[in-house]
Amino acid sequence: AVQFLKMKVLFDHHLPFSLAHGGVQIQIEQTKTALEKSGMEVEFLRWWDAGQCGDIIHFFGMPSEIFVDLMHKKGLKLVVTNLLGSLGVRPAWKRTLQKRVIHLAWNTFPEKFLARIGWKTWKMADAYIAVTPWEAKLMQEVFQSPPQKTHVVPNGVSDCFFENVETKKDKWLVIAASILPVKRLIETVQAAVIAGTPLHIIGKPFSKTDDYYLKFSNFCRSHPEILRYDNVMLS
């Protein structure tokens with residue numbers, strides 16, 4: 001354990017926070033904070049810094065095959081956290097179809113094709129981290145990640161939720177989430193209206209011109225007695 005704590009971890013992700021806020025950003029920031037509190041040295045990977053060194057790269061998302069090859073040649077270990085919320089909420093028949101297509105590709109397509117679409121990376125990392133048992137199951141069954149390398153590390157909960165503060169409860173049920181299809185917010189607000197449950201949604205879209213966001217916000221405006229929406233982001 002002491003030897004592990006002496007390792008230096010470099011965090012990498014393919015999308016800038018300024019372009020795509022939300023759960024992945026919070027996941028990265030809180031994971032970094034937790035590792036630093038445990039005594040590990042953590043830095044964000046600086047692609048322009050040829051002198052930066054480390055022992056492990058923790059990649060959030062799925063890196064390319066050439067990225068992994070270059071890492072291993074440098075003697076670095078790779079940990080991958082790839083959130084599969086979008087896949088997890090798809091209908092069962094779509095997940096089954098995707099699983100069969102991927103399994104067929106592994107058995108019939110040339111390696112160069114598999115490398116281009118990124119599926120080979122699911123067998124190249126040293127460890128894969130899922131935030132729920134369901135996502136770990138998807139990693140293994142759909143993408144064939146090795147079971148012995150697939151681990152579940154649940155999402156942490158912010159300290160504010162453990163604080164015992166006396167507050168006056170309002171009538172609103174509160175949801176904080178980015179306004180994206182994967183969050184199923186349109187279905188949620190529709191259910192709230194049917195049930196007559198006052199619902200307060202807090203969150204931002206990636207774009208105010210997005211069709212999903214426009215449909216969501218228009219529905220909220222048409223039911224002000226039940227739905228309240230604030231276009232802000234909670235950190």
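Which strand and which helix each supply at least two residues of the lining of the second largest pocket? Here are a few notes on that and on one helix pair, bearing in mind that this is a predicted model.

1. To take the question straight away: strand S1 (8-13) and helix H3 (65-73) each supply at least two residues of the lining of the second largest pocket. H3 gives the most to this lining, with 4 residues.

2. The second largest pocket has a volume of about 420 Å³. If you want to find the pocket on screen, look for Leu45, Ile57, Met71, Lys74 and Leu76, which lie nearest its centre among the 17 lining residues. By character, the lining divides into 11 nonpolar, 2 polar and 4 charged residues.

3. Now for the helix pair. The axes of helix H8 (residues 185-195) and helix H9 (residues 211-221) come within 10 Å and cross at roughly 15°. Angles under 35 degrees count as roughly parallel, and H8 and H9 are therefore roughly parallel to each other. The crossing in which H8 passes H9 is left-handed.

4. Which residues of H8 and H9 meet? From H8 come Leu185, Ile186, Glu187, Val189, Gln190 and Val193, and their partners in H9 are Tyr212, Lys215, Phe216, Phe219 and Cys220. Sorted by type, the residues of this contact are 8 nonpolar, 1 polar and 2 charged.

Technical notes. Residues numbered from 1 in each chain as written. Predicted model: local features only at pLDDT ≥ 70, side-chain atom pairs only at ≥ 80, totals over all residues. Heavy atoms only, no water. Axes fitted to C-alpha atoms, helices over the stretch in contact; angles between N-to-C directions. Parallel < 35°, antiparallel > 145°, perpendicular 65-115°, else oblique. Left-handed = near helix turned anticlockwise from the far one by under 90°. Contact = heavy atoms within 4.5 Å. Nonpolar A, V, L, I, M, F, W, Y, C, P; charged D, E, K, R; others polar. 1 Å grid on protein atoms, 1.4 Å probe; cavity = no way out; pocket = protein on both sides within 12 Å on 5 of 7 lines; lining within 4 Å. Points joined across faces, edges and corners; volume = space filled by probe spheres on them.
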